[in-house]
Amino acid sequence: MADTDVEMKPCDAEQKKQEGNDFHKKKDYKSAIKSYSEAIRLDPENFSLFGNRSASYMMLGQYTSALEDAKLSTSLNSNFIKGYVREIKCHIALGQAAAAQNIEQKVLNLDANLSADDKRTLDECGKQIAALTAHEAKARKAIEVDDCRTAAYYFEQCSKFAPSNTSYKVLRAECLAMLGKFTDANELASEVVRKETNADAIFVLALCNYYQDNMEKAIKLLAEVLRLAPDHTKSRETHKKVKKLSKMKEEGNEAFKRGAYQKAYEIYSEALSIDPHNKITNAKLYCNRATTGSKLKKIEDSIKDCDKAIQLDENYEKAFIRRAALLQEDGRYEEAVRDCEHVYKKNPNPTNKRHLQEAKLELKKSKRKDYYKLLGVEKTATEEEIKKAYKKLALVHHPDRHQADPEEEKAEHERKFKDIGEAYSVLSDQNKRHRYDTGQDLEDMDGPGGFHDVDPSQIFQMFFGGGGGVPGGHPGAGSGRSHRHSSFGGPGGGVHFSFG
């Protein structure tokens, strides 16, 4: 509890002073201030009354009023040590280290004899002044090199010594916003705004909204800052960024919607260069560019964009799901399942459950032969494209073309010939293709009548007939020479083709 000073004065003033002392001892500081104020009205030249009221103001954390009374007390009595000590403490609480140091030096230069208690108090104040000065210097140096984490720490230390300094709170709040700690930043800035109209604090609130992609609210708050402080440089710069970023993001989205994927990709890329500090918006831009990149078949680049989005916002579900889809396109099915499992574990809703189930199904499907890849066609290939691909590959790999090849090569061509026949038999049948694409009856594919139960030579015969040589075959095919006949396709008739 701060000290009070007792000095005999005219009766009425002394009585009010005593009332104030009693209230102060009971920690009823508001009543104490009221009694001291009445005493001062009765005896305005009494330095101790101002000193006592200063002490009560300090206990309420009202350091500006306390400092004013402390100064009045020392102006009335230039040797009033307790008054000077209160001035020092108030300056420290208000973050005015240089002013506190000046008063400390003034007291030390007084001719008045200092008590041991006074010396100890001044020594403690000196340590606090030194610590406050050092913390502020470190904080401001950290800001110069964009080390917001260090700056936030030292501004917090400053506030412990100077709880009434608004600037420290606002600067710390701004650092927290830059670190993505929006809840803490918002609380600190809001605390300041509730007590006073502070342009810097409102700017921090705008910054929190901007960095959380709440552009409309950010613009409104920035407009309020510029109304209060037209020359607020940070607000002007941020306002330009918000407007530009919002505009380019919308333009990119519109280009994507109308199918102008290359244009959208370029717009998103340019938007990403506007403000590297805006992690949430940039994460969305990276994800949008990944979606656009997939349309342009930039699969690997799009996966990297999703990686960057997740680095910026580890809770961005959409980026994980987008990356899972891209990983599937790239044939990395197990990684896709891991992404979907991660999302479902954090947020087990029906949609995420469906994503996980689909990813597991794609992984299971990937264990089968890729019929589209075997024929070298896209999954969207038409029936005609599938036929054309099969014809081309069947002519290349038919075993009769490779009778003279080494056994290992001959076996490889026979395997490929069988695989492309199997692929064609499935993809050319609308029902089988649907079952294959959707992963239905995966367990039955190897059974009797399944997808693998195919005679490749019969399929070949459907296209090229049973004789006359293979189109594009060896010179002399069908020329009347003695011919070798292939028995590939099994007993009972395989398809026979003549090769010279």
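**A predicted helical model, in questions**

Q: Over which residues, with 54 contacts beyond four places in sequence, does pLDDT stay under 50?
A: This is a predicted model. Its pLDDT is the predictor's confidence in each residue, from 0 to 100. One stretch has 54 contacts beyond four places in sequence, yet its pLDDT stays under 50: residues 472-500.

Q: What is the mean pLDDT of the protein?
A: A low stretch also covers residues 4-9, where the pLDDT is below 50. Still, 86% of the protein's residues reach 70 or more. The mean pLDDT is 88.

Q: How many helices and strands does the protein have?
A: The protein has 500 residues. Strands number 0. The count of helices is 24.

Q: What share of the residues counts as buried?
A: A residue is buried when its relative accessible area is under 20%. The protein as a whole exposes about 26600 Å², with carbon and sulfur atoms supplying 48% of that area. Of the 500 residues, the buried share is 44%.

Q: Which helix gives the largest share of the largest nonpolar core?
A: The largest nonpolar core has 86 residues. Those with the most contacts inside it are I88, I92, V107, F155, V204, Y210 and L245. The largest share of this core is 11 residues, and they come from helix 11 (residues 199-211).

Q: How many residues are in the other core, which includes A389 and L393?
A: This core lies apart from the largest one. Its members include A389, L393, F417 and V426. Its size is 17 residues.

Q: Are helix 9 and helix 11 roughly parallel or roughly antiparallel?
A: Helix 9 spans residues 166-178, and its axis comes within 9 Å of the axis of helix 11. On helix 9 the contact is made by V170, A173, E174, A177 and M178; on helix 11, the residues include V204 and L207. The axes cross at roughly 10°. Angles under 35 degrees count as roughly parallel, so helix 9 and helix 11 are roughly parallel.

Q: Is E335 buried, partly exposed or exposed?
A: E335 is found in helix 18 (residues 333-346). Its relative accessible area is 28%. Buried means under 20% and exposed means over 50%, so E335 is partly exposed.

Q: What distance separates the C-alpha atoms of E335 and L363?
A: Along the chain, E335 and L363 are 28 residues apart. In the model, their C-alpha atoms are separated by 9.5 Å.

Methods:
Residues numbered from 1 in each chain as written. Predicted model: local features only at pLDDT ≥ 70, side-chain atom pairs only at ≥ 80, totals over all residues. Heavy atoms only, no water. Core = buried A, V, L, I, M, F, W, Y, C linked by side-chain atoms within 4.5 Å. Buried < 20%, exposed > 50% of the residue type's maximum accessible area, 1.4 Å probe, protein only. Helix = DSSP H or I, 4+ residues; strand = E, 2+ residues; numbered from the N terminus. Areas by Shrake-Rupley, 256 points an atom, 1.4 Å probe, with all protein chains shown as cover. Contact = heavy atoms within 4.5 Å. Axes fitted to C-alpha atoms, helices over the stretch in contact; angles between N-to-C directions. Parallel < 35°, antiparallel > 145°, perpendicular 65-115°, else oblique.
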